[in-house]
Amino acid sequence: MEWREYAESMARLARQLLEQDSVQATLDEIAASAVRLVAGCDAAGILAVRKGRTVTLAACGDVVASCDRLQGEVGEGPCFDLVRRKDDSRVYRIADMSRPQPDWQRFASGARDLGVGSMTGVLLYAENEDFGALNLYSGRPGAFGEEIETAAWLLASHAAVALAGARTIDQLEHGLESRHAIGEAMGILMERHRLSEDDAFNVLRRISQEHNVKLRDVAQRVRTGRPPSG
């Protein structure tokens, strides 16, 4: 993609992000846009580390959550490396994951098994041992050149602004858990009662209103087979 075309795409992205109705929707759109706009990018996600625990805040592609979890489990990887550097570097680029990565051998081995050929990313923020990062993945080596770092920076700037608007990472994680619970409960109702997606959601909402119970709690009760209680 030519830079003029890319700049126009980023301008459209900025308008799309302004139209999102939540921080979570904004982060999801940023991840999806990375895959859509950055040449060679097969997957993208936003990772946060909170008190030593990894949280996938947004993901576009199956490999994202697995790679985030891998970095957390082994306590090493390019994102951890960025935070621990003494210089002001906030960007990393792994041209070929198949080559030796002596600083984080366990992560590199696991990433190769997941099908990662190359990676690049930008540190969004760092507070003590907590941090956030935007990560881009490709299934082939050599997908990301130096010019891609500029594209990643532009996307990361939007992500950083969105995260600054959220009060805490815990708030976002709670939202992710709620959305997952509601989606699973809707799936159960759709299969059990042959409902449409809209009808399943309306059932959950009606129960929530009638029993004065939070929607997430209603969803949890559906998942566990317990009737709602007022």
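Let's start with two helices. Helix α3, residues 63-74, and helix α5, residues 105-113, pack at an angle of about 155°. Their axes are 10 Å apart. That angle makes α3 roughly antiparallel to α5, since anything over 145 degrees counts that way. The crossing of α3 past α5 is right-handed. Which residues make the contact? On α3 they are Cys67, Leu70, Gln71 and Val74. On α5 they are Arg106, Phe107, Gly110 and Ala111.

One caution before I go on. This is a predicted model. Keep that in mind for every value I give.

Now the whole protein. How many helices and strands does the protein have? There are 9 helices and 5 strands. Starting at the N terminus, the order reads α-α-β-β-α-α-β-α-β-β-α-α-α-α. Take the C-alpha atoms along the principal axes, and they fill a box of roughly 55 × 40 × 35 Å. The protein has 230 residues, and 45% of them count as buried. Next, look at contacts with a separation of 6 or more. Of these, 57% are between residues 24 or more positions apart.

Back to α3 for a moment, and what comes just before. Glycine 61 sits in the loop between β2, residues 53-60, and α3. Is glycine 61 buried or partly exposed? Its relative accessible area is 36%, so glycine 61 is partly exposed. Compare its position with leucine 124. The two are 63 residues apart along the chain. Their C-alpha atoms are separated by 20 Å.

Next, helix α2, residues 23-37. This helix has 15 residues. From first C-alpha to last, α2 reaches 21 Å. At 1.5 Å a residue, you would expect 21 Å, so the model is close to that. Several residues of α2 are buried, among them Leu27, Ile30, Ala31, Ala34 and Leu37. The buried set also includes Gln24, Thr26, Glu29 and Ser33.

On to strand β5, residues 130-138. Aspartate 130 lies in this strand. With 15% relative accessibility, aspartate 130 counts as buried. Which residues does aspartate 130 touch, leaving aside neighbours within four places in sequence? The contacts are Val49, Arg50, Lys51, Gly52 and Tyr125.

After β5 comes a loop that leads to α6, residues 146-165, and glycine 142 lies in that loop. Glycine 142 has 48% relative accessibility, so this residue counts as partly exposed. Set aside its neighbours within four places in sequence, and glycine 142 is in contact with Ala95 and Ser118. Now find methionine 190. Glycine 142 and methionine 190 are 48 residues apart along the chain. Their C-alpha atoms are 44 Å apart.

Let's move towards α8. First, the loop between α7, residues 169-193, and α8. Arginine 194 lies there. Its phi is positive, about 55°, although arginine 194 is not a glycine. Why point that out? Most residues other than glycine have a negative phi. Arginine 194 also counts as exposed, because its relative accessibility is 79%.

Now α8 itself, residues 197-211. Its 15 residues should span 21 Å at 1.5 Å a residue. The end C-alpha atoms are 22 Å apart, which agrees. Which residues of α8 are buried? They are Ala200, Val203, Leu204, Ile207 and Ser208. These residues cover an arc of only 130° around the axis, so they lie on the same side of α8. The spacing rule helps here. An α-helix has 3.6 residues a turn, so residues three or four places apart point the same way. What about the face turned away from the buried side? That face carries the exposed residues Asp198, Gln209 and Glu210. Right after α8 comes asparagine 212, and its phi is positive too, near 55°.

Last pair. Helix α9, residues 215-224, packs with α8 at an angle of about 115°. The axes are 9 Å apart. α8 and α9 are therefore roughly perpendicular to each other. Their crossing is right-handed. From α8, the residues that meet α9 are Phe201, Leu204, Arg205, Ile207 and Ser208. From α9, they are Leu215, Val218 and Val222. Look back at the buried list for α8, and you will find Leu204, Ile207 and Ser208 there as well.

That's my tour. Questions are welcome.

Note on methods:
Residues are numbered from 1 along each chain as its sequence is written. This is a predicted model: local features need pLDDT of at least 70, side-chain atom pairs count only at pLDDT 80 or more; totals for chains, interfaces and linings use all residues. Side-chain values use heavy atoms; hydrogens and water are left out. Helices (H or I, at least four residues) and strands (E, at least two) are DSSP runs, numbered from the N terminus. Buried means under 20% relative accessible area, exposed over 50%, partly exposed in between (1.4 Å probe, protein chains only). The arc is that of the directions from the helix axis to the C-beta atoms. Axes are lines fitted to C-alpha atoms, for helices over the stretch in contact, and angles run from 0 to 180 degrees between N-to-C directions. Angles under 35 degrees count as roughly parallel, over 145 as roughly antiparallel, 65 to 115 as roughly perpendicular and the rest as oblique. A crossing is left-handed if the near helix is turned anticlockwise from the far one by less than a right angle, and right-handed if clockwise. Contact means heavy atoms within 4.5 Å.
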